[in-house]
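Visitor: I have the sequence and the model open side by side, and I would love a close look at one part of it. Could you walk me through it at an easy pace?

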Amino acid sequence: MRDDPSPNRPSNDDLHRQHHACMAIPEALQRCVASRGDGDPTWRRAADALIAELCLALVQHFADEVRSELFVDLPRARPWDAARLARLAAEHPVILAGFADLRRELADLADASAESRWIARLRAAIATLRRHEAEETEIMLIAGWDDLGGSG
Ligand SMILES: [Fe+2]
Ligand SMILES: [Fe+2]
């Protein structure tokens with residue numbers, strides 16, 4: 001991996017901090033939907049604010065990430081990871097659009113059954129985001145390990 005990333009590029013530490021923020025908001029969202037009361041619509045306002053916050057954080061994170069060592073240097077140094085990284089980069093707009101759609105639909109949930117279906121889709125979107133971030137972390141850890149001579 002690259003030893004001297006350009007100073008105006010996000011560092012791995014920056015990305016790590018963003019990653020934690022992007023994972024903390026979905027935790028709060030899960031708690032928000034899990035603790036909603038029967039017939040109490042106030043959770044929707046909290047969920048709306050959390051999804052808005054998540055979308056903002058993800059826009060920043062994804063934009064920084066594709067300029068970072070992980071997506072710029074690593075595919076050159078480790079061509080066998082390039083296709084996987086290209087697939088992960090292509091997922092960014094899809095993940096964002098999924099949360100934006102959920103936010104738009106939140107105001108129009110007609111009944112408890114529509115609410116349950118929306119919550120199931122929210123949980124699936126969060127699971128996709130977690131899997132996406134875990135794949136990136138795994139690629140970085142393995143590349144770092146190989147740099148240290150771990151691959152033999
Ligand atoms: Fe990503
Ligand atoms: Fe990421």
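Visitor: Which residues of H1 are buried?

Guide: Happy to take you there. Please keep in mind that this is a predicted model. The buried residues of H1 are Leu 15, Cys 22, Ile 25, Pro 26, Leu 29 and Cys 32.

To place them, start with the chain as a whole. The protein chain has 6 helices and 0 strands, so the order of elements from the N terminus reads α-α-α-α-α-α. Its C-alpha trace spans about 60 × 30 × 20 Å along the principal axes. Of the 152 residues, 17% count as buried. Among the contacts with a separation of 6 or more, 72% join residues 24 or more positions apart.

Now to the helix itself. H1 covers residues 12-34, and its 23 residues should span 33 Å at 1.5 Å a residue; the end C-alpha atoms are indeed 33 Å apart, so the two values agree. An α-helix has 3.6 residues a turn, so residues three or four places apart point the same way. With that in mind, look again at Cys 22, Ile 25, Pro 26 and Leu 29, which are among the buried residues of H1. The partners against which the buried residues of H1 pack are helix H2 (42-65) and H6.

Let's follow the H6 side. H1 and H6 pack with their axes 11 Å apart, at an angle of about 160 degrees. Since angles over 145 degrees count as roughly antiparallel, H1 is roughly antiparallel to H6. The crossing of H1 past H6 is left-handed. From H1, the contact brings in Asn 12, His 19, Cys 22, Met 23, Pro 26, Leu 29, Gln 30 and Val 33. Facing them from H6 are Ile 119, Leu 122, Ile 126, Leu 129, Glu 133 and Met 140. Sorted by class, the residues of this contact are 10 nonpolar, 3 polar and 1 charged. Cys 22, Pro 26 and Leu 29 are worth highlighting on your screen: they are among the buried residues of H1 and also take part in the contact with H6.

One more residue of H6 helps with orientation. Glu 115 is found in helix H6, and it counts as partly exposed because it has 17 C-beta neighbours inside 10 Å. Its C-alpha atom is separated by 9.8 Å from that of Val 33, although the two residues are 82 apart along the chain.

H6 (residues 112-147) has another partner, helix H5 (residues 82-106); these two pack at an angle of about 155 degrees, with their axes 10 Å apart. That angle makes H5 roughly antiparallel to H6, and here too the crossing is left-handed. Residues of H5 in the contact include Leu 85, Leu 88, Ile 95, Phe 99 and Leu 102, while those of H6 include Trp 118, Leu 122, Ala 125, Leu 129 and Ile 139. By class, this contact has 11 nonpolar, 3 polar and 6 charged residues. Notice that Leu 122 and Leu 129 of H6 meet H1 and also belong to the contact with H5.

For a contrast, turn to Arg 104, which also sits in helix H5. Arg 104 is exposed, because it has 11 other C-beta atoms within 10 Å. Measure back to Ile 25, one of the buried residues of H1, and the C-alpha atoms of Arg 104 and Ile 25 are separated by 18 Å, with their positions 79 residues apart along the chain.

Note on methods:
Residues are numbered from 1 along each chain as its sequence is written. Chains are lettered from A and ligands numbered from 1 in the order in which they are written. This is a predicted model: local features need pLDDT of at least 70, side-chain atom pairs count only at pLDDT 80 or more; totals for chains, interfaces and linings use all residues. Axes are lines fitted to C-alpha atoms, for helices over the stretch in contact, and angles run from 0 to 180 degrees between N-to-C directions. Helices (H or I, at least four residues) and strands (E, at least two) are DSSP runs, numbered from the N terminus. Angles under 35 degrees count as roughly parallel, over 145 as roughly antiparallel, 65 to 115 as roughly perpendicular and the rest as oblique. A crossing is left-handed if the near helix is turned anticlockwise from the far one by less than a right angle, and right-handed if clockwise. Two residues are in contact if their C-beta atoms, placed from the backbone, lie within 7 Å. Ala, Val, Leu, Ile, Met, Phe, Trp, Tyr, Cys and Pro count as nonpolar, Asp, Glu, Lys and Arg as charged, and the others, Gly among them, as polar. A residue is buried if 20 or more other C-beta atoms lie within 10 Å of its own, exposed if 12 or fewer, and partly exposed in between; C-beta atoms are placed from the backbone. The expected span of a helix is 1.5 Å times one less than its number of residues.
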